[in-house]
Amino acid sequence: MSQAELTAGPAVRAPRRLWALGILRSELTTTFRRWRTVALLGVLAAVPVLIGIAVRIETGDGSEGGPGGGGGGPAFLSQVTNNGLFLVFAALSATLPVFLPMAVGVIAGDSVAGEASGGTLRYLLVAPAGRTRLLLAKYASVLVFCLVATLVVAVSALAAGALLFPVGEVTTISGTRIGFGEGLLRAGLIAVAVAVSLVGFAALGLFISTLTDSGIAAMAATVGVLITAQILDTMPQLDGIHPYLFPHYWLSFTDLLRDPVYWDEMVRNLGLQAVYAAVFGSAAWARFTTKDISV
Amino acid sequence: MAPNDSAMTNGEATGTVVGRRKAARYIVPFAVAGVAAATIGLVPALADSGDPELPEITAQELIEKIAASDQEQLSGTVKVTTDLGIPSLGGLAGSFAPGAASGPGESSASPDAKLMELASGTHTLRVAVDGPDKQRLSILGEGSEYSLVHNGDDVWGYDSESNEVYHAKSDGSGKAEEHKAPKGVPATPKELAEEALAAVGDTTSVTVDGTAQVAGRDAYKLLIKPKQSGSTIGSVTVAVDASTGVPLKFTLAPSSGGKAAVDAGFTAVDFAKPDASSFSFTPPKGAKVTEADELKDEAEKKGAADKVRKDLTALEDFKGLNVIGEGWNAVAEIEVPGGAGLPAQGSGDVPAQAQQFMEALGDKVTGDFGSGTVFKTRLVNALLTDDGKVYVGAVTKDALVKAADTAK
């Protein structure tokens, strides 16, 4: 090995790394500058506000506690009147089954197929970063969207909750009390747990996106898979496969509100999401790096 | 990653080698899925393997160990799986136990209603005990939790789903309150085991059946089996912690085979003193608090209007309870207040469809006692005779009929 070869290695690699970062940055800006993305985030931000206003109207002046609540609707709804922070938990458990994954499905499904149908994919491939890096950048930007979408719901719920209802000490669902600061901390953890719950589904959407050249088809298929999995998860006859369905442990984030926190299901959720991300991420890689891209 | 990239950037100039390499990439996701599946399948099997080596012990010694156990502090997670062959008891509970239903004017946070739900399905519970005065039991639901906290003179029940609180004051020791929980739904493995051991007699064989790992602890397995035939109970297994003598797992297998009818065991256990804060409870702001005394008054008021309730109250002070047989084959004979059992066909009391429905639920039997209908679950069978007597026991249908014959 000559001296020249040794020095050439890093010299070539440095621009490549820069390119990868550049791709990620440009991916993020294209994703978040789209009107579609902004509209999706707007809808997500509106959900907790609507829930808050509905609960507020329902309970009149908001001073009477919720014996009428009766435990219907999404979890935590009955506690919202007493503590605005619970609106964060109620909004997240209301949006997690449908709204959030749907938004992620739209972004993930569109990520590769949308570029292909728009005819811009081949220009992206001209960049000397390679397909693997491009795919990683795409997946990273979808993951960033997962986190941003969840935080949008959480922050909007926190703002609406603080405006419409009193805030203060939090009663955990085990009946013990924690301070408002720790409550906020747990709300933050919950938002992260919810975002992580979407990791596996995002990889699934990315894989579907590499299968087709039609953005709409990819989005529809991704959301279709989501709905199918949710339906299968509710069928008691299919008990055996439930632990392997990606939405099965989604609501495990509520365990963060127990005292002490019950980690078992959340760890299982984490493992399941990691398996989904690995399986469908590598499937997307296999497909995308071997695909003939002519458009 | 770089080599992979080069494989497809010059992809147009494909040789067969490159084509094969491309196809090979599809192996990766399958390999990942395979490894994941193998891990999921193997890890529990590996963790399960190798029952711990413990010194030999007789059944007598093991029972003494349980009795002598003075472990007063523990906390842990319990998984309870119940399959009694009854459709979900959650909704039915109300019609069985007086005061258990959460109708208007009553509290869904009352312990009776909640503990009844444990009688079917799988539930995760958390238990914390610190001496006789402080206990906590939580039933973990999806996004909700039901907590029952006993601290000194106070018993609190908190249902986070409806944000309702149930409060009872116990007079004196507080022991009386504990037993308010419906019998037959014992909450901890310890209670379950004690109940099973109470049945020990000439009728029962008790042996030590090897060892097992429960919640990461070494345990002896105590096997209890009826010597008589005719019982629906096949065997009862209690896993007892080898060092503390605390029962850790309770399994009740029906004699008909199949899945255990009751399987309750710790999945995690800690014998350290639980955090004192777990036993303190103040009703959260805005929660509806129901006092036990109010609830009783309310129930009495309602009872006047509610015919079913009245019947059940009557059932409570019924006179004729006879126990036929002994040990595992004991059958209770109950005289239904107010006479007849199932109305005979075409008596006009009941619409034909309802009649058919009742018959579909049970089996018609005849014997020296006359005729009647047998209702079966996996553990408890009941014979309702046409002349209004009920025979109930954890025995097979034949044994039930025999008991009814001898009672005649």
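This is a short talk on helix packing in chain A and a strand sheet in chain B of a predicted model.

Okay, hi everyone. Please keep in mind as I go that we're looking at a predicted model.

Let's start with chain A and what the database says about it. The UniProt entry, which is unreviewed, lists "transmembrane region" for residues 38–57, 85–108, 139–165, 185–208, 215–232 and 270–288 of chain A. I checked a couple of those spans in the model. Take residues 139–165 of chain A: the span is 96% helix and 0% strand, and its end C-alpha atoms are 38 Å apart. For residues 185–208 of chain A, the end C-alpha atoms lie 36 Å apart, with 96% helix and 0% strand again.

Now, how do we talk about helices that pack together? Two packed helices are described by the angle between their axes and the distance between the axes. Let's try that on three pairs.

First pair: helix α2, residues 35–58 of chain A, with α6(A). Their axes come within 9 Å and cross at roughly 30°. Angles under 35 degrees count as roughly parallel, so α2(A) is roughly parallel to α6(A). The crossing of these two is right-handed. If you want to find the contact on screen, look on the α2(A) side for residues including Leu40(A), Leu44(A), Pro48(A) and Arg56(A), and on the α6(A) side for residues including Phe145(A), Val152(A), Ala157(A) and Leu164(A). By class, this α2(A) and α6(A) contact has 15 nonpolar residues, three polar and one charged.

Second pair: stay with α6, which is residues 130–164 of chain A, and bring in α4, residues 99–118 of chain A. Here the axes come within 10 Å and the crossing angle is roughly 155°. So are α4(A) and α6(A) roughly parallel or roughly antiparallel? The cut-off for roughly antiparallel is over 145 degrees, and therefore α4(A) and α6(A) are roughly antiparallel to each other. The crossing is right-handed here too, as α4(A) passes α6(A). Among the residues that meet are Leu100(A), Ile107(A) and Glu115(A) from α4(A), and Leu135(A), Lys138(A) and Cys146(A) from α6(A). The contact of α4(A) with α6(A) splits into twelve nonpolar, two polar and two charged residues.

Third pair: α4(A) again, this time with α9(A). These axes come within 7 Å and cross at roughly 150°, so α4(A) and α9(A) are roughly antiparallel to each other. The handedness of this crossing is right-handed. On α4(A), the contact includes Pro101(A), Gly105(A), Gly109(A), Asp110(A) and Gly114(A); on α9(A), it includes Gly215(A), Met219(A) and Leu226(A). Counting by class, we get eight nonpolar, six polar and one charged for α4(A) with α9(A).

One more stop in chain A: follow α9, residues 215–234, into the loop that leads to α10, residues 264–290, and you'll find Pro260(A). The peptide bond from Asp259(A) to Pro260(A) is cis, and its omega is near -5°.

Right, over to chain B. Here there's an open sheet of twelve strands with mixed pairing, and the order is β7-β8-β9-β10-β11-β1-β2-β3-β4-β5-β6-β12. Which strands are at the edges? Those are β7 (204–214) and β12 (288–291) of chain B, each pairing on one side only. On average, neighbouring strands of this sheet are turned by 15° against each other, ignoring direction.

Let's zoom in on two neighbours. Strand β9 (residues 233–241) and strand β10 (residues 247–254) of chain B run antiparallel and are joined by seven bridges. You can use Val236(B) as a landmark, since you'll see Leu252(B) of β10(B) standing opposite.

Last thing: look at Ala215(B), in the loop between β7 and β8 (217–226) of chain B. Ala215(B) isn't a glycine, yet its phi is positive, at about 50°.

That's my tour, thanks for listening!

Notes:
Residues are numbered from 1 along each chain as its sequence is written. Chains are lettered from A and ligands numbered from 1 in the order in which they are written. This is a predicted model: local features need pLDDT of at least 70, side-chain atom pairs count only at pLDDT 80 or more; totals for chains, interfaces and linings use all residues. Side-chain values use heavy atoms; hydrogens and water are left out. Two strands pair if DSSP finds at least two bridges between them. Helices (H or I, at least four residues) and strands (E, at least two) are DSSP runs, numbered from the N terminus. Axes are lines fitted to C-alpha atoms, for helices over the stretch in contact, and angles run from 0 to 180 degrees between N-to-C directions. Angles under 35 degrees count as roughly parallel, over 145 as roughly antiparallel, 65 to 115 as roughly perpendicular and the rest as oblique. A crossing is left-handed if the near helix is turned anticlockwise from the far one by less than a right angle, and right-handed if clockwise. Contact means heavy atoms within 4.5 Å. Ala, Val, Leu, Ile, Met, Phe, Trp, Tyr, Cys and Pro count as nonpolar, Asp, Glu, Lys and Arg as charged, and the others, Gly among them, as polar. UniProt positions are given in the numbering used here, feature names are shortened, and annotations may be inferred rather than shown by experiment.
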